[in-house]
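Student: I should like to go through the reasoning behind some structural descriptions. May I ask for the grounds of each?

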Amino acid sequence: MKRPSLSGILHSRALFLFGCVLGGLGIAGVIMAACGYPVGAAYGALWTGATGIQTGPADGLSQIGFVIAGRQVHIHLFLFAQSLARATPLILTGLAVAVGLRAGLFNIGAQGQMVLGALGAAVAGQAHGLSPAIHVPLVLLTGAAVGACWGAIPALLKSRRGVHEVLSTILLNYVAVNLAAYLILHGLKDPERMAAETREIAASAWLGTAPFALQSNLTGGFLIAVVAAVGFAALLPWTAWGYRLRAVGLGPEAAEAAGIKVDRTRIFAMALSGALAGAAGAIEVMSVHHRYVEGVAATYGFDGIAVALLGGLSGIGVLVSALFFGALESGAAFMESQTNVPADLAVIVEGIVILFAGIRLVRRSRAREHIEEGRQATDVSA
Amino acid sequence: MSLLDVGQMRLILALSTATLAGATPLALAAMGGILSERAGIVNIALEGFMVTGAFVGVFAGRSSGWEGLAAAAAVGALFGLLHGFLTQKMRVDHVVSGLGINLLAAGATRFLALRWFTTEGVTVIGVPPTVFIGLAVVLPFCVHFALYRTRFGLRLRAVGENPETARMAGIRPLPLRYAAVGLCGMLGGIAGAYLSLGESHTFSSNMSAGKGYIALAAVIFGKWKPAGAALAALLFGFCYALQSQLQISGKHLHWIGIEWSSPALLDMLPYLMTLLALVTVVGRATPPAALGKEI
């Protein structure tokens, strides 16, 4: 049998995903039109909000002008930066979900891990008199550590008590949000503020805003997220722990038989997953809010699931799909401000894209079916 | 012979009615979840069914609450069938399909509510809550009977446990799964309609607030059995009731440095109790063997 080439697979997969995105935008466009909104103007604004690209000559320092095919075009750097800023937590939560799934664990708890990571970071950010070179990594690592501890719980519950991780992570999300609310109400609240927020973190723990778009939320946190994605892509196929993680995800029984400690690998994977989600929370605190605020994690933890699935659980795939989702959401916010079309359109598109991307139309080959039948037979005898 | 004074009687009455009211949407959705999962379809989409039901109930129920309820049930069933089609025919992973439907439902209901309802929202007369509560009380018995005493139930369970064997025995798994997941969508829609039509008489986008997930937790907590899930729903309902009563009374319970009557802590209670129960009493819950598998 002829083996399909790797580039061929990647090519067709990328085309397929592109088709999914077009399908999502198409169906959302039909809904928009049915509601009587101007589809063309709305999608035009969405595109501008997502990429920053606008027609017309550049005016001011925050815009870079081009001439394409005789027409003057410019990139609005603020809008472009906002898209990247929006993608930053999505990259990290997407990686968090991808790590778990690679080890065969569905982490729906990235939301809770991110919330507690943000709270931990906000507390560590209160320290005064540290140099930024120490304080920034300290706050980031605190967020990651808190997230890791919270993330390890479902893996422990699974290995010790057989509790399914989908259920325990869903439950732990609610526990995390309420735990954070409790800690804020009873001790950590900024007494000068009405809202349930912590005090502002010290300036030494702030991440600097990108110099080309000072009004935006884009900071060095984006670079941290990109490094994490590239690191994930580079380390998972080439390291021993990456191998163990993937082996456990592909088949825990086989991994166990090969001498891999399945429980320990699962706990490691979930801790890593939680650490990534916690780091996402820390970066949001250090870049955007500079304190823990309610809703700091928005729905980034849940969106991370969509990002990971669309990205095919690979580091680079997650990076690309997070950039897409970030641009889509940021663009939708701009669209709402320009055309009054609700930004929730982005969520509709995301949902449809996920459903399309999950479709597996290719029939399993006969050989593959034989293998699976064999596996089922051994399952019965075991 | 008065063991309890009037105040205590009133408190107990208030607690028990609030418990029933809180348990109702959970029990309705959980019964749907049981049907779907016992037939082998994982149903995280319950949350989406509920949001949809809540929205459609108000949207179609502006002139008559009953019309709204019927529409919520119908659209819920359609969403259920969509989940069935995606997981069975399009071979989408069950959790992925559920999450996609939840995203779609959350986005679409908010989008449409902003377009079709005024900013203050729409108030509807709705449907008396006793209708839903009555249904929630009766339904677990019906589902129990259907699952364990009818041919439909036996076949449904067979398909959920081992579709291959079921097929060899002459049962066609696909129609059964569609029926189960369609019913699940319908019940999820009705559960959502309770929140809008029965309870608050309006729609707000955050209305279901994870109740679909909690209903799923009740299913697993109850080991995929109607009686167990109904009791779990009651337990969660009791937690909600306790919380609201404590908040109304304004009492403070302060013990070993922890403010036990804090709303945040009380909100956490149902979830924490489920976790503790899963770790201790419930032990290893065995899901239907073919849950989430392809047929």
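Tutor: The questions below concern a predicted model and the terms used to describe it.

Student: What makes the pair α2(A) and α12(A) oblique?

Tutor: Helix α2 (residues 39–51) of chain A packs on helix α12 (residues 315–339) of chain A at an angle of about 130 degrees, and their axes are 7 Å apart. Roughly perpendicular ends at 115 degrees and roughly antiparallel requires a value over 145. The angle of about 130 degrees satisfies neither class, and the two helices are therefore oblique to each other. Their crossing is right-handed.

Student: Which residues of α2(A) and α12(A) meet, and how do they divide by class?

Tutor: From α2(A) the participants include A:A41, A:A45, A:L46 and A:W47, and from α12(A) they include A:L328, A:F334 and A:M335. The residues of this contact comprise 12 nonpolar and 7 polar, with no charged ones. Among those in α12(A) is A:G331; glycine is placed with the polar class by the convention used.

Student: Why is α7(A) called roughly antiparallel to α12(A)?

Tutor: Helix α7 (residues 221–238) of chain A and α12(A) pack at an angle of about 150 degrees, with 7 Å between their axes. The cut-off for roughly antiparallel is an angle over 145 degrees, and the value of about 150 degrees therefore places α7(A) roughly antiparallel to α12(A). In this contact A:V226, A:A229, A:V230, A:F232 and A:A233 of α7(A) meet A:G315, A:I316, A:V318 and A:L319 of α12(A). The contact has 8 nonpolar residues, 1 polar residue and no charged residues.

Student: What is the relation between α11(A) and α13(A), and why?

Tutor: Helix α11 (residues 300–310) of chain A and helix α13 (residues 345–357) of chain A pack at an angle of about 40 degrees, and their axes are 10 Å apart. Roughly parallel would need an angle under 35 degrees, and roughly perpendicular begins at 65. The pair is therefore oblique, and α11(A) passes α13(A) in a left-handed crossing. A:A306, A:L309 and A:L310 of α11(A) meet A:E350, A:V353, A:I354 and A:A357 of α13(A). By class there are 6 nonpolar residues, no polar residues and 1 charged residue.

Student: How do you know that the span of α3(B) is close to the expected one?

Tutor: Helix α3 (residues 65–89) of chain B has 25 residues, and its first and last C-alpha atoms lie 35 Å apart, whereas 36 Å is expected at 1.5 Å a residue. After α3(B) comes B:R91, with a positive phi near 55 degrees.

Student: What makes up the side of chain B that touches chain A?

Tutor: Chain B and chain A each bring 36 residues to the contact. On the side of chain B, the elements giving two or more residues are α4 (94–116), α9 (211–221) and α11 (263–282). The most comes from α4(B), with 14 residues. This side has 23 nonpolar, 6 polar and 7 charged residues.

Student: How confident is the predictor, and where is the pLDDT under 50?

Tutor: The complex receives an ipTM of 0.87 and a pTM of 0.86 from the predictor. Chain B averages a pLDDT of 86, with 93% of the residues scoring at least 70. Chain A averages 85, with 90% of the residues at or above that 70 mark. In chain A, however, residues 363–368 have a pLDDT below 50, and this stretch has 1 contact beyond near neighbours in sequence. Residues 377–382 of chain A also stay under 50, with 0 contacts beyond four places in sequence. Where pLDDT is low, predicted coordinates should not be read in detail.

How values were computed: Residues numbered from 1 in each chain as written. Chains lettered and ligands numbered in written order. Predicted model: local features only at pLDDT ≥ 70, side-chain atom pairs only at ≥ 80, totals over all residues. Axes fitted to C-alpha atoms, helices over the stretch in contact; angles between N-to-C directions. Helix = DSSP H or I, 4+ residues; strand = E, 2+ residues; numbered from the N terminus. Left-handed = near helix turned anticlockwise from the far one by under 90°. Contact = placed C-beta atoms within 7 Å. pLDDT = per-residue confidence, 0-100. Expected span 1.5 Å × (residues − 1).
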